[in-house]
Structures are given as structure tokens and as C-alpha cells.
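User: I am a first-year student, and I would like to know how the terms used for a structure follow from its values. Please take the terms one at a time.

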Amino acid sequence: MAFSQFGDKFTQHSGISRLMEDMGEGLRTPGTIMLGGGNPAQIPAINDYFSQLLLQMHQDGKLNEALCNYDGPRGKALLLEALATLLREELGWPVTPQNIALTNGSQSAFFYLFNLFAGRRADGSKKRVLFPLAPEYLGYADAGLEEDLFISAKPNIELLPEGQFKYHVDFDHLPLNDETGLICVSRPTNPTGNVITDDELLQLDALAQQHGVPLLIDNAYGVPFPGIIFSEARPLWNPNTILCMSLSKLGLPGARCGIIVADESTIGAIGNMNGIISLAPGSIGPAIATEIIVRGDLLRLSQEVIKPFYQAKVSETIAIIRRYISEDRCLIHKPEGAIFLWLWFRDLPISTEALYQRLKARGVLMVPGHFFFPGLEQAWPHTHQCMRMNYVPDSDKIERAVQILAEELENAWNA
Ligand SMILES: Cc1ncc(COP(=O)(O)O)c(C=O)c1O
């Protein structure tokens, strides 16, 4: 079949589609240990909560109501109202329902926003999206309608005790200029679990305002919900920031509900795009979210159930790694949030792509690091020395996978 240029662009083999294919194949292959994808944990208390909530909503006719009606193009009005109130009361942000739009998952929000602010402009200029700190989320990499839409910057690396390290924004070499149309950062970051500091965020905010471009903060894991953040970090919003949130990591990835908080003109544009592309975002996720907020449970569950669950899990996983793999062989990015550990095999004699293939052959799926540097123009050996693992599966599976990883690292070093 012959496709258009648009078709060619979106049917080429992208990092994310290979990852999804591997995940699908892994799911069909019994015994595969899946540490590659971004599925959130099945937390028993959260699953029970959703089961009871859905039953009650069904009995009250609220599920039917959501299923049988279109919402407006910015999404369910009740949720926009409830979210605006929550953000005003909890965080003191001057937000009204006109500052919020919903999308079918936050992934589609990035597609809208990147192409809204970057690409060819009416005056002939071309703008790009700047990721001020790579590694950055793999899902951004192919979301541009035009080629070369992204540019990113190498981080500074701070070595920490106990075999850990942390990336920082290298403000001295940030490629921020007239070509920049949008600055985008995930906080906490997928893949590293990094949380850029309040200071770094404020500096980015100031730079964005100086250059007259928005600062997009991807808050898929952050506060106030789902709250998978273990360091002290103050959330930020002002009319020059675009905050993207999601119900996915709360435990509802199948609901495909993303939330954008931005100035009214950006929200108006998103409403238009929703109308053209999908008439309206789906209603089920928003109906569930409204109910959780109205019951006063959204922040309580985030703080009392979700955050402690992931915090305990990440500590347990690091302890397992250290039982099998020394600091000489593997450094770990300081886990400050999100659901992944980012492992740095400094000076490893093989690339992490080769390591990925060896692990895959033994039934362990992790993701090699080089996918996570969208827009990085200069070659950097570090990109081939890192690997992302999801730490959510049961600890016996994690332990088996780490044993295999330790063996493959030794094989590589001893070859
Ligand atoms: C940093 C980050 N942002 C956004 C998303 C997209 O999430 P969703 O489209 O499910 O809202 C993910 C998914 O893993 C992510 O890790």
C-alpha cells in the first residue's frame, strides 16, 4: 500500500513501536520477565477501591450516563470544575475550568502540544521543542509531524554515595535560542526517576518567559496525583507553563485520560484539536476521576497508598540489585520518582543494545538506553551504557531478572 508522507512518517519503525511489539511478544511468551514497559503496579488496595467505586457508579447510573453521552471537546465539564477547585484549594494556583482540557491519554496531549508550538510557522520560521535534560521520555521521540522537531541537551552528572548518581540541567550549554518554540521536561522523569530540583525548574521557567515560549511540565508521575515522587519537590504552574497530568499511573492506564492545565488560548486550541480529531475525549475515565475527587479520595490515595507502595518497592529492588551487582559494575540513578530504575554500566565492553538482545534471549525484557535521548545531536557513549528497568513486578521476578543481568554483565566483561 502506498502511503502519504504523513503515512510514511507514522509507519516507520519507531523506538516506541518496537518496544510495544517486544512487550506484546513478551506477554505471549510464558515465563518472560517484563521489566520493559510502563504499566503501573496492580496495588491490591487500589484495585479494591476501583472495583467498589465502579459498582457504586453502575448502581447510581453514572457509568451508563458516561457511556451514553458525548462530552464537550475539552472533556467532561464536571471534572474540569472539580480539578480547577482542587488545584486552587490544594496548590493555590489561579486555575479555572477554562484553564483545563482533557485528552485521550496524555500521550496524545504531547502530540497536540509539540505540533502546536513547534514546526513551520506562518512567517516561514521553524521552531523546535527543547528537552533541556536528556535522557527523556521515549514516547516524545516520534510525536513530531515534521522532521527534526526536537533538540535536547546532555546533562551534568553528579556522582553520589552508594553507587548512585543524579543528572542536572547543564544551563551553560542549553541550546535555547530563536528556534525554540517550546521547552518540555518530564518531572519525575521517565526513564531515570530523576526529579529536576525546584531551583532548576524555576530557572527553566524564567528562561521560558524570557524567550516567550511555554514551559511544558509532564507530571504523569508527580504531585498532587498520582504522587509517585520521593524527593521534596514543589509543583509549579503559571499561565506560561503547560502542565500535563494523567490518570494512568494512578492505576487507570486503560481509561486513557490525560489532563492539560494551561492558559486559556492553549486550552482553546486543544479543544479545537480534540473536536477535529476525536469529537470529544472519552468519558469513562473522567467520570471515574470526578467521583474520586468528589469523595475526597484522590490525594489521600496518592499520598497514603500509591506513594508508599512505590517507595517500598524501589528500595526493595535496589537491595536486590546490590545483592548481585556491585557499584563498580552498575551505578543507579537516584530514584526520586516514577516507576523505573535507570542503570548505568560505565565502561561496559558491549553496548546496552547488545546487552538487551542477550537478556531478551534469556527471557528478560528491559529497554536499552539509547532510545531515551530524543533530539540529542552529538554522539555520546553514555547513551549506550544505560538501561531502563521497570521495578513494579513481584520481587521474585525482579530477583530472577537481576541474577540473569548480573551473569550477562560478567559474560560481557570476561569475553
Ligand atoms: C513521562 C510520561 N509521560 C506521559 C506518559 C503517557 O501516559 P498516558 O498517555 O497513559 O497518560 C507516560 C507513559 O508511560 C510517561 O512515562
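User: Where is Pro224 found, and what makes the peptide bond from Val223 to Pro224 stand out?

Analyst: In this predicted model, Pro224 is placed in the loop between strand E9 (215-218) and strand E10 (241-246). The bond that leads from Val223 to Pro224 has omega near 5° and is cis. Most peptide bonds are trans. A second cis bond joins Ala134 and Pro135, where omega is about 10°. Pro135 also belongs to a loop, the one between strand E4 (126-131) and strand E5 (150-152).

User: What makes the phi of Arg256 worth a remark?

Analyst: Its sign. Most residues other than glycine have a negative phi. Arg256 is not a glycine, yet its phi is positive, about 45°. Arg256 sits in the loop between E10 and strand E11 (258-261).

User: Why is the pair formed by Asp218 and the ligand called a polar contact?

Analyst: The cut-off for a pair of N or O atoms is 3.5 Å. A polar side-chain atom of Asp218 is 2.6 Å from a nitrogen atom of the ligand, so the pair is within the limit and counts as a polar contact.

User: How do you know that the side chains of Ser106 and Ser248 make polar contacts with the ligand too?

Analyst: The test is the same limit of 3.5 Å. For Ser106, an N or O atom of the side chain is 2.8 Å from an oxygen atom of the ligand. For Ser248, the distance from such a side-chain atom to a ligand oxygen is 2.5 Å. Both values are within 3.5 Å, so both pairs are polar contacts. As for cover, the protein takes up 93% of the 390 Å² of accessible area that the ligand has on its own.

User: Which residues make up the shell around the ligand, and what are their classes?

Analyst: The shell has 13 residues, and the closest are Asn190, Asp218, Tyr221, Ser246 and Ser248. By class there are four nonpolar, six polar and three charged residues. Helix H6 (residues 106-117) gives the most to this shell, namely three residues.

User: What kind of space does the ligand take, and which residues line that space?

Analyst: The ligand takes the space of the largest pocket. This pocket holds about 1,100 Å³. Its lining has 40 residues, and Gly37, Gly38, Asn39, Pro40 and Lys249 are the closest to the centre. The lining divides into 17 nonpolar, 17 polar and six charged residues. Helix H2 (15-28), H6 and strand E16 (386-390) each supply at least two lining residues, and H2 gives the most, with seven.

User: Why is another space called a cavity and not a pocket?

Analyst: A pocket is open, whereas in a cavity a 1.4 Å probe fits but cannot get out. The count is one cavity of 30 Å³ or more. The largest cavity holds about 90 Å³, so it passes that size limit. Among the 13 residues that line the largest cavity, Arg187, Ile217, Asn219, Pro235 and Leu236 are the closest to its centre. By class, the lining of this cavity has nine nonpolar, two polar and two charged residues.

Methods
Residues are numbered from 1 along each chain as its sequence is written. This is a predicted model: local features need pLDDT of at least 70, side-chain atom pairs count only at pLDDT 80 or more; totals for chains, interfaces and linings use all residues. Side-chain values use heavy atoms; hydrogens and water are left out. A residue is near a molecule or strand if one of its heavy atoms lies within 4 Å of it. A polar contact is a pair of N or O atoms within 3.5 Å; within protein, one must be able to donate a hydrogen and the other to accept it, and residues adjacent in sequence count only if both atoms are side-chain atoms. Accessible areas come from the Shrake-Rupley method with a 1.4 Å probe; for residues, only the protein chains shown count as cover. On a 1 Å grid over the protein atoms alone, a cavity is a set of points where a 1.4 Å probe fits but cannot get out, and a pocket is an open set with protein on both sides within 12 Å along at least five of seven lines; lining residues have an atom within 4 Å of a point. A molecule sits in a cavity or pocket if more than half of its atoms lie within 2 Å of its grid points. Helices (H or I, at least four residues) and strands (E, at least two) are DSSP runs, numbered from the N terminus. Ala, Val, Leu, Ile, Met, Phe, Trp, Tyr, Cys and Pro count as nonpolar, Asp, Glu, Lys and Arg as charged, and the others, Gly among them, as polar.
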